[in-house]
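Okay, thanks for coming, everyone. Let me put the sequence and the structure up, and then I'll walk you through a few spots.

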Amino acid sequence: MRILIVGGSLGGLNAAVWLSRAGHDVTVFERSATLLEDRGAGIVLHPATVRPFGGSDPTVLRMLGVPLRRVQYLNAGGRLVATRPTSWWATSYATLYRRLLQLIDASGYQLDATCVGVMQDEYRVKLRFANGTEAEGDLVVFADGVSSFGRTVIAPGNTPQHAGYIAWRGVVPVCRLSPQTRSLFEEAITYVLLPTSHVVAYPVPDRDGRVEPAARLLNWLWYRSVSPEQLDDLLLGRDGRRFALSVPTGFVAHEHIVRLHVDAQAMLPPPLAECVALTDEPFIDGIADVAVPRMVRGRCCLLGDAAFRPRPHVAAGTAKAAEDAFQLAQSLQAHSVGLAQALDVWEQRQRPLGQSVVERARWAGALLQSGRWPLGALPPFGLARISDSALPI
């Protein structure tokens with residue numbers, strides 16, 4: 001088939017990899033005019049995430065990521081109060097994006113292509129773009145993220161709902177940290193639980209994908225509750241632009257960064273306050289989720305965050321998008337004589353998965369933000385359901 005993919009981030013690239021490997025003619029349309037390598041920060045790896053590179057063998061993991069050998073909890077004074085061994089791996093958005101981009105035909109990845117219209121009939125589907133061009137195919141995969149245009153076509157009225165808190169995020173080269181702080185965070189995922197917020201930090205490869213200890217970055221997230229008025233103020237960028245949900249690196253207003261640094265010194269354990277202070281250009285990730293009642297309409301389907309966008313606490317957004325993409329290719333291959341049947345089988349499998357991940361992330365966020373998360377517990381990473389967790393609900 002001729003398959004058009006709207007959205008060239010990690011979900012769209014996973015779809016392009018698996019659908020092209022299945023023999024389909026695939027083109028990816030990305031609205032950004034430039035490559036997306038500087039977007040995002042840390043990602044915890046999952047079997048679905050590394051599947052395009054050959055699976056979870058040690059060679060693949062060492063190529064992509066940094067080992068996380070323990071989860072640890074600090075108290076407000078910076079003292080280590082709980083630790084448990086783990087065997088996870090973490091990577092960066094830039095590393096994963098660049099590696100996936102290498103797996104597809106570069107001529108099939110088109111930038112500056114904002115989809116503004118879709119028309120379909122029983123036989124074909126046509127897309128219209130803001131630059132005046134059009135494209136026609138047999139199937140459209142909307143992998144265009146939380147602000148999905150495709151969602152307005154397939155599941156109109158389903159919009160992201162803000163959770164009442166944001167994540168301040170940033171990365172700092174570990175070589176800039178004091179020796180004591182560097183040793184504390186090395187190969188660990190670190191949590192700090194506060195009365196109405198929490199912090200997570202872990203090392204990731206640098207922007208060039210280097211995984212050596214001296215080259216790594218420390219990725220941190222500080223989840224903070226905000227009122228609607230505070231959120232409105234934070235989403236006004238330094239250039240006067242108003243952002244819908246998140247403010248990328250380089251656009252956060254200077255006065256908000258100054259306040260962040262002051263608050264970090266007053267409220268965070270010294271090692272994490274040091275990390276925040278050394279981050280010149282943090283960014284803001286508005287925490288919101290969305291879940292759709294349907295993923296398919298005719299010859300169009302939704303994938304990844306365009307369909308189900310979970311909060312970050314379960315570290316499963318990228319994995320879910322990757323699983324959606326893989327299962328779509330599998331279903332199309334298994335039901336090659338009937339597109340409608342293939343999409344129906346795929347949706348019946350992936351929609352419950354997406355719903356369960358969103359619900360699990362809401363559950364985890366409620367406990368973490370209220371200070372009720374069990375101290376020393378393993379975080380609920382992955383694509384499992386709430387009922388699969390060993391933690392009390």
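**Tyrosine 165 and the rest of the chain**

Let's start at tyrosine 165. If you leave aside its neighbours within four places in sequence, this residue is in contact with Tyr223, Arg224, Ser225, Val226, Gly286, Ile287, Arg311, His313, Gly365 and Gln369. Before I go on, a reminder that what you're looking at is a predicted model. Tyrosine 165 sits in strand β11. Is tyrosine 165 buried or exposed? Its relative accessibility is 4%, and buried here means under 20%, so tyrosine 165 counts as buried. And since you can turn the model yourselves, try this one: the C-alpha atoms of tyrosine 165 and arginine 259 are 17 Å apart, with those positions 94 residues apart along the chain.

Okay, let me zoom out. How many helices and strands does the protein chain have? There are eleven helices and 18 strands. The radius of gyration is 21 Å, close to the 21 Å that the globule rule gives for 393 residues, so the chain is as compact as a globular protein of that length. If you like box dimensions, the C-alpha trace spans about 65 × 45 × 40 Å along its principal axes. Of the 393 residues, 56% count as buried.

Now the contacts. Taking those with a separation of 6 or more, 69% are between residues 24 or more positions apart. On the outside, the accessible surface comes to about 16100 Å², and carbon and sulfur atoms account for 52% of that. As for charge, I get 39 positive and 36 negative side chains, with the centres of the two sets 5 Å apart.

Back to individual places, and I'll stay with helices for a moment. Look at α9, residues 270-277. The buried residues there are Pro271, Leu272, Ala273, Cys275 and Val276. What do the buried residues of α9 pack against? It's quite a list: the strands β11, β12, β13 and β14, plus the helices α6 and α8. You'll remember β11 as the strand that holds tyrosine 165.

Then there's α4, residues 93-101, which is mostly covered, with seven of its nine residues buried. Those are Tyr93, Ala94, Thr95, Leu96, Tyr97, Leu100 and Leu101. For anyone rusty on helices: an α-helix has 3.6 residues a turn, so residues three or four places apart point the same way.

One more helix, α11, which runs over residues 339-370 and contains glutamine 350. Glutamine 350 counts as buried, at 1% relative accessibility. Not counting residues up to four places away in sequence, glutamine 350 touches Met295, Glu323, Asp324 and Gln327.

Next, a charged residue that's tucked away. Glutamate 187 is in the loop between α6 and β12, and with a relative accessible area of 17% it is buried. Which side chain does the side chain of glutamate 187 make a polar contact with? That would be the side chain of arginine 69, at 2.7 Å. Apart from neighbours within four places in sequence, glutamate 187 is in contact with Pro67, Leu68, Arg69, Arg70, Pro203 and Arg216.

Over at the start of the chain, arginine 2 lies in strand β1, residues 2-6. Arginine 2 is partly exposed, at 22% relative accessibility. Setting aside residues up to four places away, arginine 2 touches Asp25, Val26, Thr27, Glu136, Gly137, Asp138 and Leu139. The C-alpha atoms of arginine 2 and valine 140 are 138 residues apart along the chain but separated by 8.9 Å.

Compare that with glycine 23, in the loop between α1 and β2. Glycine 23 is exposed, at 62% relative accessibility, and its C-alpha atom is 42 Å from that of alanine 214, 191 residues away along the chain.

Last stop, for the Ramachandran fans. Aspartate 112 has a phi near 55 degrees, a positive value in a residue other than glycine. Aspartate 112 is in the loop between β6 and β7 and counts as partly exposed, at 45% relative accessibility. Alanine 315 has a positive phi as well, near 50 degrees. Alanine 315 is in the loop between β18 and α10, and at 23% relative accessibility it counts as partly exposed.

That's my tour, so over to you.

Technical notes: Residues are numbered from 1 along each chain as its sequence is written. This is a predicted model: local features need pLDDT of at least 70, side-chain atom pairs count only at pLDDT 80 or more; totals for chains, interfaces and linings use all residues. Side-chain values use heavy atoms; hydrogens and water are left out. Helices (H or I, at least four residues) and strands (E, at least two) are DSSP runs, numbered from the N terminus. The radius of gyration is taken over C-alpha atoms; the globule rule is 2.2 Å times the number of residues to the power 0.38. Buried means under 20% relative accessible area, exposed over 50%, partly exposed in between (1.4 Å probe, protein chains only). Contact means heavy atoms within 4.5 Å. Accessible areas come from the Shrake-Rupley method with a 1.4 Å probe; for residues, only the protein chains shown count as cover. Lys and Arg count as positive and Asp and Glu as negative; His and the chain ends are not counted. The place of a charge is taken as NZ of Lys, CZ of Arg, CG of Asp or CD of Glu. A polar contact is a pair of N or O atoms within 3.5 Å; within protein, one must be able to donate a hydrogen and the other to accept it, and residues adjacent in sequence count only if both atoms are side-chain atoms.
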